[in-house]
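Visitor: I have a new model open on my screen. Could you walk me through it?
Guide: Gladly; let's look at it together.

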Amino acid sequence: MKIILASASPRRRELLTQMGLEFEVRPSCGEEVITARTPAEAVMELAGQKAAEIAGIEASERPGEDLLVIGADTVVVKDHQILGKPKDEEDAVRMLRRLSGDVHQVYTGVCLIRLKGGRRTEKSFYESTDVHFNPMTDREISDYVSTGDPMDKAGAYGIQGLCGKYIRGIEGDYNNVVGLPIARLYQEMKKMGEEQS
């Protein structure tokens, strides 16, 4: 079975490699459209859009091949509001001020699409992790933003990078905050394999 990651995220590539998987990277490039009402539904919807786009391309290019496409999307949620990637440095500062000294949630949605012998199977799920931030001074926020690290990350921070020193603790899956809940992903891939064997 050929595995394809429908994401350009270097962090997701690292996590799949950590799982011991061999895979190809083929980022989706379609416009992301959210119609869902809750963060959990939104991340599954976005992950589904990414996976469906790449599965459609792969099905036409490699008909009949045994493929598994993985789509994923991560958002940060504070007070029921979704914080995506910052538009600019000012936006990153605004987001970090909101997160400072408080708790928020990180949601990652995953969509698996298996193409095998003309059959298509789809499974979507999400994980949520609570993240507790220590207070950050305005100087600490501006110093962190000036590194450029927050600019490609939901909520304007990466737990695995320079911002880790401000994170007091988490409840849930650490890898989910990085961008892919690999323990759950492994179980879902195993189930999908058993159902199709």
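Guide: One term before we start: contact means heavy atoms within 4.5 Å. Please also keep in mind that this is a predicted model.

Visitor: Is Asp73 buried or exposed?
Guide: Let's place the residue before judging it: Asp73 lies in strand 3, residues 67–78. Outside the four places on either side in sequence, Asp73 touches Arg12, Glu32, Val43, Leu46, Ala47, Lys50, Tyr107, Thr108 and Gly109. Buried means under 20% relative accessible area. Asp73 has a value of 6%, so the residue is buried.

Visitor: Which side chain makes a polar contact with the side chain of Asp73?
Guide: The residues that Asp73 touches include Arg12, Lys50 and Tyr107. At 2.8 Å, the polar contact from the Asp73 side chain goes to the side chain of Lys50.

Visitor: And Lys165, is that residue buried or exposed?
Guide: Lys165 sits in the loop between helix 4 (138–146) and strand 7 (167–171). The cut-off for exposed is over 50% relative accessible area. Lys165 comes out at 64%, and therefore counts as exposed.

Visitor: Which helix gives the most to the largest nonpolar core?
Guide: That core has 38 residues, and Ile70, Leu112, Phe133, Tyr157 and Leu185 have the most contacts inside it. With 5 residues, the element that gives the most to this core is helix 3 (residues 89–99).

Visitor: How many residues are in the second core?
Guide: This core is separate from the largest one, and its members include Ile4, Ala6, Leu67 and Leu115. Its total number of residues is 11.

Notes:
Residues are numbered from 1 along each chain as its sequence is written. This is a predicted model: local features need pLDDT of at least 70, side-chain atom pairs count only at pLDDT 80 or more; totals for chains, interfaces and linings use all residues. Side-chain values use heavy atoms; hydrogens and water are left out. Helices (H or I, at least four residues) and strands (E, at least two) are DSSP runs, numbered from the N terminus. Buried means under 20% relative accessible area, exposed over 50%, partly exposed in between (1.4 Å probe, protein chains only). A nonpolar core is a set of buried Ala, Val, Leu, Ile, Met, Phe, Trp, Tyr and Cys residues joined through side-chain atoms within 4.5 Å. A polar contact is a pair of N or O atoms within 3.5 Å; within protein, one must be able to donate a hydrogen and the other to accept it, and residues adjacent in sequence count only if both atoms are side-chain atoms.
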